[in-house]
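Thanks, everyone; I would like to take a few minutes on this one, beginning with strand pairing and ending with how the two copies are related. Please have the model open while I talk.

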There are 2 protein chains.
Amino acid sequence: MATSSNPIITFYDILLDPAAFPISPNPWKTRYALNFAKVPYRTTWVPLSAVAETRNSLQLPANRKHLDGSDFPTLPIIRDPLAAMTSENEVIVGDSFDIALHLQKTYLSPSSPSKLSPDAGKQRQLFPAEGNGTVALHRAFNAFVDQLFSQHGALLAGFYMPLDPRTADSDKASFVRRIPGVTKWEDLEIPRGSEVRKKMLAEFESALDTKLGPCFPSSATGDEGKGTHGSGPFMDGRQEPMYADFIVGGWLQFMRGCLPEWEEMRNNWSNGKWGRLLDALEPWADVDGRDGVAPARR
Amino acid sequence: MATSSNPIITFYDILLDPAAFPISPNPWKTRYALNFAKVPYRTTWVPLSAVAETRNSLQLPANRKHLDGSDFPTLPIIRDPLAAMTSENEVIVGDSFDIALHLQKTYLSPSSPSKLSPDAGKQRQLFPAEGNGTVALHRAFNAFVDQLFSQHGALLAGFYMPLDPRTADSDKASFVRRIPGVTKWEDLEIPRGSEVRKKMLAEFESALDTKLGPCFPSSATGDEGKGTHGSGPFMDGRQEPMYADFIVGGWLQFMRGCLPEWEEMRNNWSNGKWGRLLDALEPWADVDGRDGVAPARR
């Protein structure tokens, strides 16, 4: 298979409950980007407990840190034989932001080799207007959005992750070990309907609304959005998404899959802004290799 | 004077100690942007205690909130008679980000009226490649950088602000009233050389390095920077600054003016990256209306 005459990209995503729709935010950013770039790929679904081993086998160091400072090996990874210089090689990239840069440079940039992408240099760009600071601005945007959603979302939504029932106990134990001050999984629960949860949800809603909200149009027509440059549903009112839209979309997929209050977030927070964005990203949300797993309703 | 035949923009900045170099981060962002746009302006220096009254007199609501949730009227403001439709009018803008957008739209945008700016549409842009999402990306970047520096800088540097000696006692009392749990100014001190201060400085250094550092070139030639698009000293290795560079520069001016450990931050944090950026911004750092106040050495 490795010597197939039609090589394609391998994309590694995390498998939790095989019956659930995928939720991992960073792999979602990559899935959106792969679909947007229209490159051929297949998804390899890696059980949570095998992620570290997968990174090791590809000689990729852990790319993140747990709260306790220990290594946190995670996904996505892509293996890209299309972009390799020789047929025996492949390009391996183990970080969602670096993957987006790789796809832009190899398949979308105006200076991409045309044999790889007949559309190269066309309107479709993950980082539009390269050379105008958009890569660095995206890099900061990625850190900003990760921080905003992790700070609130990890606590409010993470407890409800759809873990694989066959390995849930050891998966939970593995999480608990990494969180200082926590001794059992149940310590992580913030009970639904509790006052503390209501307060945290209100803070999450407000942080998203004030810090991220002004980047997106306020209504479907975009005419209320501050600083928008069009009437589209994406950042600044654009008609086409860019990688920043996929960064937020990745986190919205996580919230949709885990947050018990998702319907409220989707429909009512920021006057429905987040639900509208997720809907607008639907053309790039195809999930490969999960036949039989019906996408959850949005 | 209001009917002068050569109207110019009025820029309101905060006056602290008249003998000290200005330090307020948001007015600094605006000063950089005004100098960059090459528009004629004069600075009105407003004592801290008169800021609220100044906003009121211009019918501008408070634009920020104190930690206790109360209104926090602050500067900058600009009054721009050049951009007005009639000679009796003027455009008043009371927020640093909105001011940057106003300057871009009125004086720099490719679609600006050419009579206002002979350079309109030229290379010099606060938000390069308008229409490619750069305004929304900048908006998020501004929130991100404000958060990063406020979280650490307010505690480590704010105590050392060069207040006006004539009003320092009431200025301090005014700050203390707004901070929950604090009863006197001295409570805000984190003593130099203390273990707690060392720990906070290390966290500040690390947060800047990991979250903001990758947006800027690692060396003067930019060749070590990730994702850079040139060998210049600005974001992504660009040769010209954009508004994002001025956002960081505004906060660096605050640190230079207040943080006792500034020399360390300037020369050693992130291998000297922050000092190099501040130096590179020097061509747009002219301070108007402070004749006799020698700019502090950097």
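Before anything else, a word on terms: I call two strands paired if DSSP finds at least two bridges between them. Please also keep in mind that this is a predicted model.

With that in place, let me start at strand 1 of chain A, residues 9-15, which is joined by three bridges to strand 5 of chain A, residues 77-80, the two running antiparallel; within this pairing, T10(A) has R79(A) as its bridge partner. Strand 1 of chain A is also joined to strand 2 of chain A, residues 41-47, here by seven bridges and in parallel, with Y12(A) standing opposite T44(A). Between these two parallel strands the chain passes through helix 1 of chain A, residues 25-37, and the resulting β-α-β crossover is right-handed. Because five of the seven residues of strand 1 of chain A are buried, that strand is largely enclosed by the rest of the structure.

Let me move to chain B and its helix 4, residues 134-156, where 17 of the 23 residues are buried, so that the helix is mostly covered. At 1.5 Å a residue this helix should span 33 Å, and its end C-alpha atoms are 32 Å apart, which agrees; there is nevertheless a kink of about 35° in helix 4 of chain B, centred on S150(B).

How, finally, can chain B be laid on chain A? A turn of 180° with a shift of 0.0 Å along the axis does it, at an RMSD of 0.0 Å, and that is the relation of a two-fold axis. Since 100% of the interface residues of chain B are also interface residues in chain A, the copies meet through the same surface.

Methods. Residues numbered from 1 in each chain as written. Chains lettered and ligands numbered in written order. Predicted model: local features only at pLDDT ≥ 70, side-chain atom pairs only at ≥ 80, totals over all residues. Helix = DSSP H or I, 4+ residues; strand = E, 2+ residues; numbered from the N terminus. Expected span 1.5 Å × (residues − 1). Bend = angle between axes of the 7 residues up to and from the residue. Buried ≥ 20, exposed ≤ 12 C-beta atoms within 10 Å, placed from the backbone. Least-squares fit on C-alpha atoms with pLDDT ≥ 70 in both. Contact = placed C-beta atoms within 7 Å. Right-handed = clockwise from strand over helix to strand, strands pointing away.
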